[in-house]
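I opened my notebook for a friendly wander through one more chain. These are the things I looked up, in the order I got to them.

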Amino acid sequence: MSPSKTPDTPPAGDPKADPHPYAVSMPRVEASEVKPARPLLRRRRPEAVLPTGSVDLPGSPDDRSKTEPDWDDAELPAASGASPTAELAAPAVRQPSAPYPGAQIPGPPAPDTAAPGPAARSGSARPAAPWGIPGRNGSGRQGGPRGRAAAASPRTTTAPTVPLDPAVARPGLRANPAARRMLARLMESEAPPTQAFSIIDRLVGSPYANPLIQVPAQDASARKTLEFALDLAEAMFRYGAGALEAETSIIAVTASLGLRNVDVDITNQSIHLNYAPADQVPLSILRVVRSWTSNYAGLALLHQLVSDIVSGGVTRQQAVDRLKDITHRPKPFPRWMVTAAGGGFSAMFVMFIGGSWVGALVAFASFGLVSQSMKIAGRWRVPEFFSIAFGSFVTTAIAMVLWALDVPLSPAIVVAGGIMLLLPSSRFVSSVQDAINGFPVTAAGRFFSAMIIYGAIVSGIMTALVLGALGGVGELDLTNIDRVAYPGWLLFLFVGVAVLCGAVFEQTARNLLLPTAGVALLGYLALVGAQAVGVGERLTPAIAAAVVGAAGRWVALKMGAPQLVVAVPAVVFLLPGLMIFRAMYGIAIDSDDMSAGLVEMFNAFTIILAIAGGVVLGDTVARPLTKGWNSHERRRIRRR
């Protein structure tokens, strides 16, 4: 066995001495002659428990410099003063080669006679950093034993925090998160105006907001649900509900029973429902409403039924049974009582506008005769236009004949009281409400039908006046109408009794009679106050109607009924019946000054529209104030 050879040390300048191909030979320099290069303090990823900006001590087990991290070339300015910690010593490593000719290679640091620091931990292969770490006060010094291990046992040191981030060093320059969010909201673009929205959003602001969905969205019997919704909407239309209430009821019921995004189209008296689920056969159902009746008690029951469905307390089969029971339930008052209530309203209204008790009795009797004649016309399938025209003709003819017979009464006041319940006040209110709420076709249809009824009343009055003139009845002096001055408390009583009788005539539920009369009295107080201020004969009824509309919504929601049920009977006493009669008399009899009659008719029509608009305005103003009052308007219900 040959002796082992010791490999020769390659001479200086030999490329084998350094793996770099462009390495040059450099004379060996003593470590004491080398000036340490000013290093760059690079920010390393901190330990989980260290604050932002802290660094790991070189040579420690947490030293991330053993891998190749991403360095930030942030140079640490020269520090002076005493260092809070001594640097750790590390074993010697191979001298790196010079990156360019003439470069100085730093050698091992010279031994320092200062107080020895903690020894390097075992297993560390990195040299100690040749710079000092500044303390918390920003000062530091370079010192500590270098190139040798300390004899003392190692001590644990805590890495100081170096605030390298400007936002950390100067907290005053940190961006405010609230300001950033505000700026982001300001810079956001608006949603496109043609963006589709959920049909459930149509319920916002209605009494049926936030319906509780009881069944899954995929309902195998969707057609039954749509048929039930159509039956419900048809009943609401027949009982006098507005288009908005019918639409919101359909949307709320279908959504609660599991059908989302049901399209609803209401056009005058037709209701069209379309349901097109994804990847299924669409369903489309149409219903036409051809009959009308006065049944505010039934409308209140339908409103309560929808409320119970929305709140999740009624299943579909239970709702179907309840709807059938409501539509087949008899009205709360018999026909004879309704006829007597209509006569009582006419008598009280005659005395309210200044008529005598004789005129009140004549108005009561004439309305009874008109009511019976209209029932006979209904059995014979006579159109409504002719039956209303005949009723106004009978009322005017009786008043003119009795006046010709020297009965102490005023024909104008008697006729005004007799035609009040014939005026289509509910249709006017519904048409204005539909027009404001975005149903122009339905509003136009209802307004046209109301104008037809209005024209029937006018034609009946005009026919009676013309026939009376041909029969030798003298002309009336409408400029000087004999009126009886009643005290204020008695007028207050007349209004209350008249509205109570009018509510019975409209078949209002028994528990709503007194609240409706109370709302009317509140409106009368507003009327008296507006007259005292002197706002004008056109604006005064509108103000009183607005008060009635707001109070009517408050009372109706408390009693579990729609606003229309309370507001319409409470506002009838504001209608200008006497102005209508004077206008018709001026057009039919006083042909020399027909323009005055036309102006009077226009004023009467304007007041009727102002009253209808006031009711809608009061309901709209009171809507946000009464949010959540009804049992189904629970804020904690979420749509699923």
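**Burial and overall make-up**

I started with burial: 45% of the 640 residues of the chain count as buried, where buried means under 20% relative accessible area, exposed over 50% and partly exposed in between (1.4 Å probe, protein chains only). This is a predicted model, in which local features need pLDDT of at least 70 and side-chain atom pairs count only at pLDDT 80 or more, while totals for chains, interfaces and linings use all residues. Residues are numbered from 1 along each chain as its sequence is written, and side-chain values use heavy atoms, with hydrogens and water left out.

I then looked up the surface. The chain exposes about 34,000 Å², and carbon and sulfur atoms supply 59% of that area (Shrake-Rupley method, 1.4 Å probe; for residues, only the protein chains shown count as cover).

For secondary structure I noted 18 helices and three strands. Both are DSSP runs numbered from the N terminus: helices are H or I with at least four residues, strands are E with at least two.

Next came contacts, meaning heavy atoms within 4.5 Å. Among contacts with a separation of 6 or more, 77% are between residues 24 or more positions apart.

**The three strands**

I followed the strands in order. E1 (residues 263-267) and E2 (residues 270-275) pair in the antiparallel sense over five bridges; two strands pair if DSSP finds at least two bridges between them. I jotted down two partners in E2: Ser 270 for Thr 267, and Ile 271 for Ile 266.

E1 and E2 form a hairpin with two residues between them. Asn 268 sits in the loop between E1 and E2, and its phi is near 55°, a positive value in a residue other than glycine. Asn 268 is partly exposed, at a relative accessible area of 26%.

Which side chains of E1 are buried? Val 264 and Ile 266 are, pointing to one face, while Asp 263, Asp 265 and Thr 267 point to the other and are not buried.

E2 also joins E3, running antiparallel to it, through six bridges. Here Tyr 275 has Leu 283 in E3 as its bridge partner.

**Cores and rings**

I moved on to the nonpolar cores (sets of buried Ala, Val, Leu, Ile, Met, Phe, Trp, Tyr and Cys residues joined through side-chain atoms within 4.5 Å). The largest has 121 residues, and Phe 352 and Phe 573 have the most contacts inside it. A second, separate core has 21 residues, including Ala 222, Leu 244, Ile 285 and Val 289.

Back at Phe 352, I listed what it touches, not counting residues up to four places away in sequence: Leu 491, Phe 494, Val 495, Tyr 524 and Phe 573.

How many aromatic pairs does a search of the whole structure find? It finds twelve, where rings of Phe, Tyr and Trp (its six-membered ring) pair if their centres lie within 6.5 Å; planes under 30 degrees apart count as stacked, over 60 as edge-to-face and the rest as tilted. One of them is the stacked pair of Phe 345 and Phe 349, at 6.1 Å centre to centre with 15° between the planes. Both residues lie in helix H7 (residues 335-352), four residues apart, or about one turn of the helix, and both are buried. Ring pairs link these two with Phe 352, Phe 492, Tyr 524 and Phe 573 into a cluster.

**Three polar residues**

I looked up Asn 295 in the loop between strand E3 (283-288) and helix H5 (296-310). Asn 295 is buried, with a relative accessible area of 5%. Its side chain reaches the backbone nitrogen of Gly 298 at 3.0 Å. Leaving aside neighbours within four places in sequence, Asn 295 is in contact with Tyr 239, Lys 331, Pro 332, Glu 506 and Gln 507.

That list led me to Gln 507, in the loop between helix H13 (488-505) and helix H14 (513-533). Gln 507 counts as buried at 6% relative accessibility, and its phi is near 60°, a positive value in a residue other than glycine.

My last entry is Ser 392 in helix H9 (residues 384-404). Is Ser 392 buried or exposed? Ser 392 counts as buried, at 0% relative accessibility. A polar atom of the Ser 392 side chain lies 2.9 Å from the backbone oxygen of Ala 389.

Notes
A polar contact is a pair of N or O atoms within 3.5 Å; within protein, one must be able to donate a hydrogen and the other to accept it, and residues adjacent in sequence count only if both atoms are side-chain atoms.
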